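The exercises below are meant to be worked with the sequence and the model side by side. Try each task before reading the solution that follows.

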Amino acid sequence: MLAVLRAPSVRYDSDMTDHERQRAIMEELEVVEDFDAAHEVERRITFLAEYLKETGLKGYVLGISGGVDSTVAGRLSQLACEKVREDGGDATFVAMRLPYQVQADEDDAQDALSFIDADQVLTVNIGASTDAMWQAVSEADDDHVDSYTEFVKGNVKARERMIAQFTVAGARGMLVVGTDQAAEALVGFYTKFGDGAADVTPLTGLPKRRVRELGRYLGAPATLTDKVPTADLESDKPLRPDEVALGVTYEAIDDYLEGREVSEEDEQTIVRWHSRTAHKRALPLTPGRWEKTH
């Protein structure tokens, strides 16, 4: 999801109209307004390939969950590495499976890997490292044991996954790909320094429906492009749909991102999520940025 050092490019004023705020959010999140699947696929493959050449690094690493975002980002990354090689360069795409113990929708993850056709697949089970960290920290902070919920542990899982990806990338001189897209960025539906940490985010600016369209254009199976999105981080709520957690549908979020009217209730929910997760889109906070907004 979101690259963590990106500061908002737009300042939100209290006297903005609802429409002005909507347009400002679209600008902040780089929403693609004149969408063409073929153009966006080529644009994003070129971005990934050219950035590799510019940095001189050796390829990309991405965790594959079985959802549409990582499926599409993974295929784009593979095609970008192939493009670099066609131009005489050296590039490898490493797809990583990072289950916590046994993943409930492992079949989808395997289907995604088959479609992506990555240069290399590595599997690292994050169960032991997550549980060890969880036990060590919760035991040290036993005065607040009631605060150590499955939700909090879910964020530990997301961060352990990113540790694994950056470990591989660091050892092999590669870059980590994030799966940030505009819908999740709008409502801050990602873990800080977990799936929100990445070197490049090739899906930035795409509402969820547009990510699905890229997947269809690339030839991904319908079972993946049309899959109900789930972060699947809470063990006591396996495969809980994102839309249940958010209280608003991706259809409404996408409509808002594309400048369409949504219901008053949906707009209030979306704007509330955007406001309360602003800290995620401006990390780390500095004295200067704080002073500019206060």
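**Exercise 1.** In this predicted model, work out what span the 23 residues of helix α6 (residues 150-172) should have, and compare that with how far apart its end C-alpha atoms are.

*Solution.* Begin with the rule that the expected span is 1.5 Å times one less than the number of residues. For the 23 residues of α6 this leads to 33 Å, and since the end C-alpha atoms are 33 Å apart, the expectation and the model agree. To finish, look just past the helix, where α6 is followed by Gly 173, a residue whose phi is positive, near 65 degrees.

**Exercise 2.** Describe how helix α3 (residues 68-86) packs with helix α4 (residues 106-116).

*Solution.* First take the geometry: the two helices pack at an angle of about 25 degrees, and their axes are 9 Å apart. Angles under 35 degrees count as roughly parallel, and α3 and α4 are therefore roughly parallel to each other. Their crossing is right-handed. Next identify the residues in contact, which are Ser 70, Thr 71, Gly 74, Arg 75 and Gln 78 on the α3 side, and Ala 112, Phe 115 and Ile 116 on the α4 side. Sorted by class, the residues of this contact comprise three nonpolar, four polar and one charged.

**Exercise 3.** Which residues does UniProt list for "binding site" in its unreviewed entry, and why can they be said to gather at one spot?

*Solution.* The UniProt record, an unreviewed entry, lists Asp 69 and Glu 184. These positions span 116 residues in sequence, yet no two of their C-alpha atoms are more than 10.5 Å apart, so they gather at one spot. Asp 69 can also be placed on a helix already met, as it lies in α3.

**Exercise 4.** Helix α11 (residues 250-257) packs with helix α12 (residues 264-276), and its axis also crosses that of helix α1 (residues 18-28); describe both pairs.

*Solution.* For the pair α11 and α12, the angle is about 80 degrees and the axes are 10 Å apart, which makes α11 roughly perpendicular to α12. Here Ala 252, Ile 253 and Tyr 256 of α11 meet Asp 266, Glu 267, Ile 270 and Val 271 of α12, and the contact has five nonpolar, no polar and two charged residues.

Turning to α1 and α11, their axes come within 9 Å and cross at roughly 95 degrees, and these helices are therefore roughly perpendicular to each other. Arg 21, Gln 22, Ile 25 and Met 26 of α1 make the contact with Asp 255, Tyr 256 and Leu 257 of α11, a set that divides into four nonpolar, one polar and two charged.

Conventions
Residues are numbered from 1 along each chain as its sequence is written. This is a predicted model: local features need pLDDT of at least 70, side-chain atom pairs count only at pLDDT 80 or more; totals for chains, interfaces and linings use all residues. Side-chain values use heavy atoms; hydrogens and water are left out. Axes are lines fitted to C-alpha atoms, for helices over the stretch in contact, and angles run from 0 to 180 degrees between N-to-C directions. Helices (H or I, at least four residues) and strands (E, at least two) are DSSP runs, numbered from the N terminus. Angles under 35 degrees count as roughly parallel, over 145 as roughly antiparallel, 65 to 115 as roughly perpendicular and the rest as oblique. A crossing is left-handed if the near helix is turned anticlockwise from the far one by less than a right angle, and right-handed if clockwise. Contact means heavy atoms within 4.5 Å. Ala, Val, Leu, Ile, Met, Phe, Trp, Tyr, Cys and Pro count as nonpolar, Asp, Glu, Lys and Arg as charged, and the others, Gly among them, as polar. UniProt positions are given in the numbering used here, feature names are shortened, and annotations may be inferred rather than shown by experiment.
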